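Thanks for coming, everyone. Please pull up the sequence and the structure, and follow along as I go.

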Amino acid sequence: MNRAVASLEKFIFWSRWLQAPLYVGLIIAQGVYVYQFMHELVHLVSKAGSLTEVEVMLIVLGLIDVVMIANL
């Protein structure tokens with residue numbers, strides 16, 4: 001009985017490595033979101049004088065969306 005429990009514990013502990021590729025994929029996806037955020041932020045700052053209030057609000061809302069999704 002004790003040997004079976006020890007084997008089960010080792011199997012469960014080892015199985016966490018199955019999630020490693022998923023986390024690597026999430027890290028890469030978050031990198032894409034960082035790039036998207038920086039791209040939109042540069043666009044906002046560089047065009048700040050020529051954008052309307054509605055355009056600024058939409059860009060800021062887009063930035064908020066990127067941050068919210070990245071925090072998931």
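Gly31 sits in helix α2. This is a predicted model, by the way, so keep that in mind throughout. Is Gly31 buried, exposed or partly exposed? With 38% relative accessibility, Gly31 counts as partly exposed. Now look for Ala70. Along the chain, Gly31 and Ala70 are 39 residues apart. In space, their C-alpha atoms are separated by 9.1 Å.

Stay on α2 and find His43, which also has its place in that helix. His43 has a relative accessible area of 32%. The cut-offs here are under 20% for buried and over 50% for exposed, so His43 is partly exposed. Its partner for today is Ile59. The two are 16 residues apart along the chain, and 8.7 Å lies between their C-alpha atoms.

Next, the loop. Between α2, residues 20–46, and α3, residues 53–71, you will find Gly49. Gly49 has 83% relative accessibility, so it counts as exposed. How far is Gly49 from Val60 in space? The C-alpha to C-alpha distance is 15 Å, for a sequence separation of 11 residues.

On to α3. It has 19 residues, and at 1.5 Å a residue they should span 27 Å. The end C-alpha atoms of α3 are 27 Å apart, so the model agrees. Which residues of α3 are buried? They are Ile59, Leu63 and Val66. Those three cover an arc of only 55 degrees around the axis, so they are on the same side of α3. And what do they pack against? The buried residues of α3 pack against α2.

Now turn the helix over. The face of α3 turned away from its buried side carries exposed residues: Glu53, Leu58, Met68 and Asn71.

There is also a nonpolar patch on the surface. Its area is about 640 Å². Val54, Met57, Leu58, Val60, Leu61, Ile64 and Met68 make it. Take Met57 from that list. Met57 is in helix α3. Its relative accessible area is 48%, so Met57 is partly exposed.

Last stop, α1. This helix covers residues 2–15, which is 14 residues. At 1.5 Å a residue, α1 should span 20 Å. Its end C-alpha atoms are 20 Å apart, so that agrees too. How many residues of α1 are buried? The number is zero, so α1 lies largely in the open.

To recap: α1 has zero buried residues. Helix α3 packs its buried residues against α2. Gly49, in the loop between α2 and α3, is exposed. That's my tour.

Note on methods
Residues numbered from 1 in each chain as written. Predicted model: local features only at pLDDT ≥ 70, side-chain atom pairs only at ≥ 80, totals over all residues. Heavy atoms only, no water. Helix = DSSP H or I, 4+ residues; strand = E, 2+ residues; numbered from the N terminus. Buried < 20%, exposed > 50% of the residue type's maximum accessible area, 1.4 Å probe, protein only. Expected span 1.5 Å × (residues − 1). Patch = residues over 30% accessible without salt bridge, like charges linked within 9 Å, V, L, I, M, F, W, Y side chains within 5 Å. Areas by Shrake-Rupley, 256 points an atom, 1.4 Å probe, with all protein chains shown as cover. Salt bridge = Lys/Arg side-chain N within 4 Å of Asp/Glu carboxyl O. Arc of directions from axis to C-beta. Contact = heavy atoms within 4.5 Å.
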